[in-house]
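Me: I am new to this structure and would like a close look at one part of the interior, with its surroundings explained step by step. Could you take me through what packs there?

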Amino acid sequence: VPPSFAAKWLLPRLNEFAETYPDLDLRVVASPKVQNFGTDGIDLAIRLAAPPFENSVNADLLFENQVVAVANPLLIEKIGHPHDSKSLQSYTLIHDAHNFWPKYLQVAFPDHDLFNSKNIYFNQTSLAIDSAIAGQGIALTCLNFVKDDLEAGRLIRLNSITLDTGSGFYLISPRKPHQPPSLPLVKSWLMNSQ
């Protein structure tokens, strides 16, 4: 699984998995590197991707990568809500490796110049989310990664805009006649853990 997916979506759900399947051991490899099913001993991968997929794999959409802008509510209260590109200049824009800010700004603030903003750059989405929770600026992230933070009030959405990236998080497994008997159970649990 990608590291940010592991940290922000999977990890909070692992207690439920252990309670549901106490006799199953789950080995999680959090890596940006795509694993090889044949040589790395991987039964199931979760990847941010978009169709089409190779014929040698099964790919089931877990959820779409819908990107939203989030910030610490205390930061918004302190600086004021950024309702236009001028007021957005007061904020630091928190970037991750996906760099959705240019596309998002075209939709939300078409007259905003990205290069006139203060910026922080992270290589992992989970770090960008943690930076936003710490009140360091506004982050763009997958809505499913921050649902718990939104419900707990650690973050708020900047507006109602949702950026459709055309990609999603997919459960990917090799097409082969003999699968581990636990694979359908794990896949089913993941699909139902929304």
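Reply: Two residues are said to be in contact when heavy atoms of theirs lie within 4.5 Å, and the cover described below rests on that meaning. Please keep in mind that this is a predicted model.

The chain as a whole comes before the part. It has eight helices and seven strands, and its C-alpha trace spans about 60 × 35 × 25 Å along the principal axes. Of its 194 residues, 43% count as buried. Among contacts between residues at least 6 apart in sequence, 78% join residues at least 24 apart.

The part to look at begins with helix α6, residues 125-133, whose buried residues are Thr-125, Ser-126, Ala-128, Ile-129, Ser-131 and Ala-132. The cover over these residues includes α1, β2, β3 (92-95), β4 (118-121), β5 and α7. After α6 comes Gly-135, which has a positive phi, near 80°.

Helix α7, residues 143-152, has Leu-143, Asn-144, Phe-145, Val-146 and Asp-149 as its buried residues. Among the elements that cover them are α1 (3-10), β2 (57-71), α6 and β5 (138-142), together with β6 (156-157) and β7 (163-174). Here too a glycine follows the helix, for Gly-153 comes after α7 and has a positive phi, near 85°.

From these helices one can turn to the nonpolar interior. In soluble globular proteins, nonpolar side chains tend to be buried together. In this chain the largest nonpolar core has 27 residues, and those with the most contacts inside it are Phe-5, Trp-9, Phe-63, Phe-145 and Leu-190. The elements that give two or more residues to this core are α1, β2, α6, β5, α7, β7 and α8 (183-191). Besides this core there is a second, separate one of 18 residues, which includes Ala-71, Leu-75, Tyr-91 and Tyr-104.

Several of the residues just named in the largest core also belong to an aromatic cluster, which is formed by Phe-5, Trp-9, Phe-63, Phe-145 and Phe-169. The chain has 11 aromatic pairs when ring centres within 6.5 Å are counted. One of them is the stacked pair of Phe-5 and Phe-63, with 6.0 Å from centre to centre and 20° between the planes. Because Phe-5 lies in helix α1 and Phe-63 in strand β2, this pair ties together parts that are 58 residues apart in sequence. With buried meaning under 20% relative accessible area, Phe-5 counts as buried at 0%, and Phe-63 is buried as well, at 5%.

Two further residues show what surrounds different places in the interior. When its neighbours within four places in sequence are left aside, Leu-190 is in contact with Trp-9, Leu-10, Leu-44, Ile-46, Leu-62 and Leu-171. Ile-138, which has its place in strand β5, is buried with a relative accessible area of 0%. Its contacts, again without the neighbours within four places, include Ala-69, Val-70, Ala-71, Pro-82, Leu-88, Tyr-91 and Trp-101. Although Ile-138 and Leu-190 are 52 residues apart along the chain, what the model gives in space is a separation of 29 Å between their C-alpha atoms.

Conventions: Residues numbered from 1 in each chain as written. Predicted model: local features only at pLDDT ≥ 70, side-chain atom pairs only at ≥ 80, totals over all residues. Heavy atoms only, no water. Helix = DSSP H or I, 4+ residues; strand = E, 2+ residues; numbered from the N terminus. Buried < 20%, exposed > 50% of the residue type's maximum accessible area, 1.4 Å probe, protein only. Phe/Tyr/Trp six-rings, centres within 6.5 Å; stacked < 30°, edge-to-face > 60°. Core = buried A, V, L, I, M, F, W, Y, C linked by side-chain atoms within 4.5 Å.
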